[in-house]
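The exercises below go through one structure, a task at a time. Each task is followed by a worked solution.

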Amino acid sequence: MNKKIQTLMNTAKLWAKESYCKRKQVGAVLAKDDRILATGYNGTISGLENKCEEEVIIYNNKKYKSIFNIIKDYKIKLLNKRYYENEEYFYLLKLNFELIDNTKTKGYFYLNDEQYFYLKELFYENTQEYKKEVLNKYYNLEYEFSKILKFYIKKEIVTSDLVLHAEQNVITFCAKNGIPTEGTELFVTLSPCSNCAKLIVQSGIKKVYYNEEYRDTSGIDFLKEVGVEVEKI
């Protein structure tokens, strides 16, 4: 293998280490005549917090940003009945949930004396909407509701929609700084996705070298189909 080609790929691997992404770090180098024109790695849009992953909630095979997007309504009732357990008394806070597909379930909080007496006046003298406001203020409802609805939902870590791929960062850097990309070669540590492949074609890049194959090969299949050279090294 051409020594310079290997050096350029090694450079892309070094740039991959600059990525803040936890799931996969990817680096890219754009070169022409064996000289580097631009470098990049996968990460969020400039000016934003470089947090590449986010937690989403899966319900009925659909993704939701918040558990409150799944709950159609919930009704609250504060009961006076006290429960004695582990040498302490608790008051029962009852929640009735209706989910977006009309599924219904129940959940319970146990309040100690201090919580109960602080909230009692608010609960009995205000509207349902105000009760919800109080709960949001004094409880981590996202966490508590997740425990109650654990049989209906699951959580996954996914890549944020604000993340740009390494190829996108390199090509947009060139566009911003007036660097011609026609006839260049791209070295990337992971084979391009289908969206990046379309951007590569439009940028006039003539050849793509990649080190590791992405599980979805539609990107490199498309590049080959339209005549862009592709080589794994």
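Helices (H or I, at least four residues) and strands (E, at least two) are DSSP runs, numbered from the N terminus. The model is predicted, so local features need pLDDT of at least 70 and side-chain atom pairs count only at pLDDT 80 or more, while totals for chains, interfaces and linings use all residues. Residues are numbered from 1 along each chain as its sequence is written, and side-chain values use heavy atoms, with hydrogens and water left out.

**Exercise 1.** Place Asn42 in the chain, state whether Asn42 is buried or exposed, and find the backbone atom that lies 2.8 Å from its side chain.

Solution.
- Step 1: Asn42 sits in the loop between E2 and E3.
- Step 2: Buried means under 20% relative accessible area, exposed over 50%, partly exposed in between (1.4 Å probe, protein chains only). Asn42 has 8% relative accessibility and therefore counts as buried.
- Step 3: A polar atom of the Asn42 side chain lies 2.8 Å from the backbone oxygen of Lys24.

**Exercise 2.** Describe the strand pairing of E11 and the unit that E11 makes with H6 and E12.

Solution.
- Step 1: Strand E11 covers residues 185-190, and six of its six residues are buried.
- Step 2: Two strands pair if DSSP finds at least two bridges between them. With strand E1 (residues 27-32), E11 pairs in the antiparallel sense over four bridges. In this pairing, Val188 in E11 is the bridge partner of Ala28.
- Step 3: With strand E12 (residues 207-212), E11 pairs in the parallel sense over five bridges. Here Leu190 stands opposite Glu212 in E12.
- Step 4: A crossover is right-handed if, with the strands pointing away from the viewer, the path from the first strand over the helix to the second runs clockwise. E11, helix H6 (residues 194-203) and E12 make a β-α-β unit that is right-handed.

**Exercise 3.** Characterise the largest pocket by volume, central residues, contributing elements and residue class.

Solution.
- Step 1: On a 1 Å grid over the protein atoms alone, a pocket is an open set of points where a 1.4 Å probe fits, with protein on both sides within 12 Å along at least five of seven lines; lining residues have an atom within 4 Å of a point. Grid points are joined across faces, edges and corners, and a volume is the space filled by probe spheres set on the points.
- Step 2: The volume of the largest pocket is about 560 Å³. Its lining has 25 residues, and the closest to the centre are Lys24, Thr159, His165, Leu190 and Tyr214.
- Step 3: Strand E9 (154-159) and helix H5 (166-177) are the elements that give two or more residues to this lining. E9 gives the most, with four residues.
- Step 4: Ala, Val, Leu, Ile, Met, Phe, Trp, Tyr, Cys and Pro count as nonpolar, Asp, Glu, Lys and Arg as charged, and the others, Gly among them, as polar. The lining of the largest pocket has 10 nonpolar, six polar and nine charged residues.

**Exercise 4.** Do the same for the second largest pocket, then locate Leu164.

Solution.
- Step 1: The second largest pocket holds about 340 Å³ of space. Of its 17 lining residues, Tyr41, Thr44, Ser46, Leu164 and Asn169 are the closest to its centre.
- Step 2: Strand E2 (35-41), strand E3 (43-44) and H5 give two or more residues to the lining. H5 gives the most, with five residues.
- Step 3: By class, this lining divides into six nonpolar, 10 polar and one charged.
- Step 4: Leu164 is in strand E10 (residues 163-164). Its relative accessible area is 25%, so Leu164 is partly exposed.

**Exercise 5.** Which side chains do those of Ser146 and Asp216 contact?

Solution.
- Step 1: A polar contact is a pair of N or O atoms within 3.5 Å; within protein, one must be able to donate a hydrogen and the other to accept it, and residues adjacent in sequence count only if both atoms are side-chain atoms.
- Step 2: Ser146 is in helix H4 (residues 141-148) and is buried because its relative accessibility is 10%. Its side chain makes a polar contact of 3.2 Å with the side chain of Lys155.
- Step 3: Asp216 lies in the loop between E12 and helix H7 (218-225). Asp216 is partly exposed, at 36% relative accessibility. The side chains of Asp216 and Ser218 are joined by a polar contact of 2.9 Å.
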